[in-house]
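Visitor: I have a structure open on my screen and would like to learn how to read it. Could you walk me through it, feature by feature?

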Amino acid sequence: MKNVMQKIPKAIKKVDAKKYSLLIVFGFLSAISIQQKTGVEYLLGGFLMTCILLIILYRDILRYKPSYLKNYNMLVLLGFMIVSTLLIGRFFEYLLTNLARGLGSIPLKSTLFGIPIPAGAMLVTLLFDFHTAIVFSFIVSLLSGLWLNDAMYPFYAFVGSLTAAFSVIRCKKRSAILRGGFYVGIANAITAGILLLFAGEFISVVAAPSVVFALLSGLSVIAIVSVILPILEYMFKVTTDISLLELLDLEQPLMKNLMIAAPGTYHHSVIVGNLVESAAETIGVNPLLARVSAYYHDIGKIKMPEYFVENQSGSLSKHDKLTPHMSSMIIASHVKEGVEFARQYKLPEPLIDIIQQHHGTGLMAYFYQKAKVQEGENRPTEEEYRYPGPKPQTRITALVMMADAVEAASRVLHDVTPARIAALVDRIINHIFLDGQLDECELTLKDISEIKRRFSYILTGILHKRIDYPGFDFNAETNQAAEGNNEKGINGEKQLVPQNNDSINKKPATTDQNRFPKNSE
């Protein structure tokens with residue numbers, strides 16, 4: 001134990017040293033990117049300035065976005081974005097300056113307004129978040145002013161970068177990049193006019209070309225972001241809202257397979273998606289990621305769909321001829337199969353984590369209770385009938401876990417009323433909480449209360465009653481068929497869903513924390 005405790009500080013120091021070495025490398029590359037003159041003094045001065053700015057960025061991430069520090073790829077990507085934005089800016093400066101010299105009628109000063117520095121901020125917003133994009137914009141704007149030796153240019157670059165970041169905060173389609181580029185062009189033209197007014201050149205030969213170049217910079221931003229974004233998504237395995245939206249396309253191979261092979265599971269996943277998206281907006285997590293993860297969380301059921309009650313078309317259950325332990329192994333296997341399918345079809349890493357964690361280490365209560373009855377004195381242990389885990393590590397995973405359980409349990413409600421739905425939601429989520437499944441995520445009690453409220457509202461809308469049609473008695477035939485099945489003891493759904501919801505169906509206020517009604521998976 002003592003040796004382990006001695007190794008922990010060394011491991012922490014090793015990780016920090018790795019991050020600071022990354023900072024030094026990108027500080028050096030950034031210093032080279034802003035050099036206008038050769039010499040050791042210029043290089044050393046640029047290196048120290050860039051290191052100070054990068055340390056500010058690092059401390060900001062440490063304070064507000066510590067999750068990025070756990071992902072080495074994201075730190076490399078952020079450093080790469082700083083250096084590449086500066087290099088792209090220098091390339092456009094060279095290109096536009098030579099164009100002006102070739103034409104001879106364009107003032108060289110005007111070409112500076114055509115440099116597409118805001119493209120970096122737009123990419124950072126799409127790949128990271130808006131907060132990181134603000135600090136990124138501040139750093140890149142200062143560095144661009146150093147290389148251009150222009151005290152007013154950082155203001156121009158910062159305003160354009162902020163506009164670019166704001167324009168794609170809720171970007172859901174690649175076409176939104178076009179709108180963002182248009183906003184950048186307008187903002188740059190206005191800022192250019194203000195700077196020219198401040199410099200006393202608003203009415204001069206420099207004014208018109210400067211505004212034109214500022215407007216055209218928006219087109220450059222559109223072109224750069226449209227080309228580079230898919231490359232960065234692929235190289236660094238980053239999941240953006242745009243790529244998530246593409247996964248909702250029903251033409252996706254996995255979605256098609258799920259609809260055909262396991263239609264009941266697909267319908268269940270859609271309802272879970274509605275639940276988590278509504279709750280995600282309330283607790284402040286990405287609703288699109290929540291919805292997509294809900295759609296894909298049960299893709300492992302494609303392998304053996306007939307073993308899950310929502311896909312059983314007949315009255316007989318596959319589990320009738322199996323031992324409870326074998327049944328539990330088959331049910332639990334859909335998590336492993338789902339992870340394998342996700343990796344095979346190259347789904348983003350956050351979705352794979354959610355698929356793996358959406359049952360946590362939950363107990364398959366139905367088969368556990370069945371085993372206790374069958375085995376008598378040789379009582380089985382709960383560990384044998386629990387999912388392998390791990391427990392949910394993020395709030396979105398916890399949302400999917402709760403919505404999954406609530407939606408499945410809602411199928412056994414009779415004579416549905418808002419009070420009974422609320423009692424069911426409260427009971428299921430309380431069970432998950434008391435079972436310790438939410439211990440490793442960052443959900444607060446306030447979040448859980450909001451989730452219950454949203455789940456109850458959505459389920460009440462889904463399970464609403466309708467008026468009886470005159471001249472038709474649909475319930476008569478349904479009840480007659482159900483009585484026949486009950487007499488034969490072959491009701492497939494009842495064999496997989498434990499009959500422990502009487503307290504909800506009869507008395508909404510009564511709860512039983514010792515039994516877990518969700519076991520169709």
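**Reading the model, feature by feature**

Guide: Happily. Let us start in a loop: Lys-237 sits in the one between helix H9 (207-236) and H10. Please keep in mind that this is a predicted model.

Visitor: What is the sign of phi at Lys-237, and is this residue buried or exposed?

Guide: Phi of Lys-237 is near 55°, a positive value in a residue other than glycine. Lys-237 is exposed, with a relative accessible area of 66%. Asn-149 is another case: its phi is positive, about 55°, although Asn-149 is not a glycine. Asn-149 belongs to the loop between helix H6 (130-148) and H7, and at 65% relative accessibility it counts as exposed.

Visitor: Which residues does a cis peptide bond join, with omega of about 5°?

Guide: Gly-389 and Pro-390 are joined by that cis bond. Pro-390 is in the loop between helix H16 (365-375) and H17.

Visitor: Let me step back to the whole chain. How many helices and strands does the secondary structure come to?

Guide: The count is 22 helices and 0 strands. Of the 521 residues, 51% count as buried. The chain exposes about 26,200 Å², and carbon and sulfur atoms supply 61% of that area. As for contacts with a separation of 6 or more, residues 24 or more positions apart account for 75% of them.

Visitor: How should I read a pair of aromatic rings?

Guide: A ring pair is described by how far apart the centres are and by the angle between the planes. In this model, a search of the whole structure finds 10 aromatic pairs. Take Tyr-153 and Tyr-156: their ring centres are 5.5 Å apart and their planes are at 45°, so the pair is tilted. The two tyrosines are 3 residues apart in helix H7, which means that about one helical turn separates them. Both Tyr-153 and Tyr-156 are buried.

Visitor: Which residues form one aromatic cluster with Tyr-153 and Tyr-156?

Guide: Phe-113 joins Tyr-153 and Tyr-156 in that cluster. Now look at another pair, Phe-182 and Tyr-183, which is tilted too, at 6.0 Å centre to centre and 55° between the planes. Phe-182 is exposed, with a relative accessible area of 53%, while Tyr-183 is partly exposed at 39%. One more ring to find is that of Tyr-64: Arg-63 lies over its face, at 5.0 Å from the ring centre.

Visitor: Back in helix H7, what is Ala-157 in contact with, leaving aside its neighbours within four places in sequence?

Guide: Ala-157 touches Ile-117, Ser-141 and Ser-144. Helix H7 spans residues 153-167, and Ala-157 counts as buried because its relative accessibility is 1%. Its C-alpha atom is 8.3 Å from that of Asn-188, 31 residues away along the chain.

Visitor: How many of the residues of helix H13 (residues 287-296) are buried?

Guide: 10 of the 10 are, so helix H13 is largely enclosed by the rest of the structure. Among them are Pro-287, Arg-291, Ser-293 and Tyr-296. The buried residues of H13 pack against helices H10 (241-247), H11 (253-261), H12 (263-283), H15 (349-357) and H17 (395-409).

Visitor: What caps the N-terminal end of H13, and what does His-297 contact?

Guide: Asn-286 is the cap: one of its side-chain oxygens lies 3.0 Å from the backbone nitrogen of Leu-288. His-297 is in the loop between H13 and helix H14 (324-344), and it is buried, with a relative accessible area of 0%. A polar atom of the His-297 side chain lies 2.5 Å from the backbone oxygen of Ala-294. The side chain of His-297 also makes a polar contact with that of Asp-298, at 3.0 Å.

Visitor: And the cysteines: how many disulfides does the structure hold?

Guide: A disulfide is a covalent bond between the sulfur atoms of two cysteines. This structure holds 0. Cys-171 is buried at 3% relative accessible area, and Cys-441 is buried at 10%.

Notes: Residues are numbered from 1 along each chain as its sequence is written. This is a predicted model: local features need pLDDT of at least 70, side-chain atom pairs count only at pLDDT 80 or more; totals for chains, interfaces and linings use all residues. Side-chain values use heavy atoms; hydrogens and water are left out. Helices (H or I, at least four residues) and strands (E, at least two) are DSSP runs, numbered from the N terminus. Buried means under 20% relative accessible area, exposed over 50%, partly exposed in between (1.4 Å probe, protein chains only). Contact means heavy atoms within 4.5 Å. Rings of Phe, Tyr and Trp (its six-membered ring) pair if their centres lie within 6.5 Å; planes under 30 degrees apart count as stacked, over 60 as edge-to-face and the rest as tilted. A charge sits over a ring if NZ of Lys or CZ of Arg is within 6 Å of the ring centre and within 35 degrees of the ring normal. A polar contact is a pair of N or O atoms within 3.5 Å; within protein, one must be able to donate a hydrogen and the other to accept it, and residues adjacent in sequence count only if both atoms are side-chain atoms. Accessible areas come from the Shrake-Rupley method with a 1.4 Å probe; for residues, only the protein chains shown count as cover. A disulfide is a pair of cysteine sulfur atoms within 2.5 Å.
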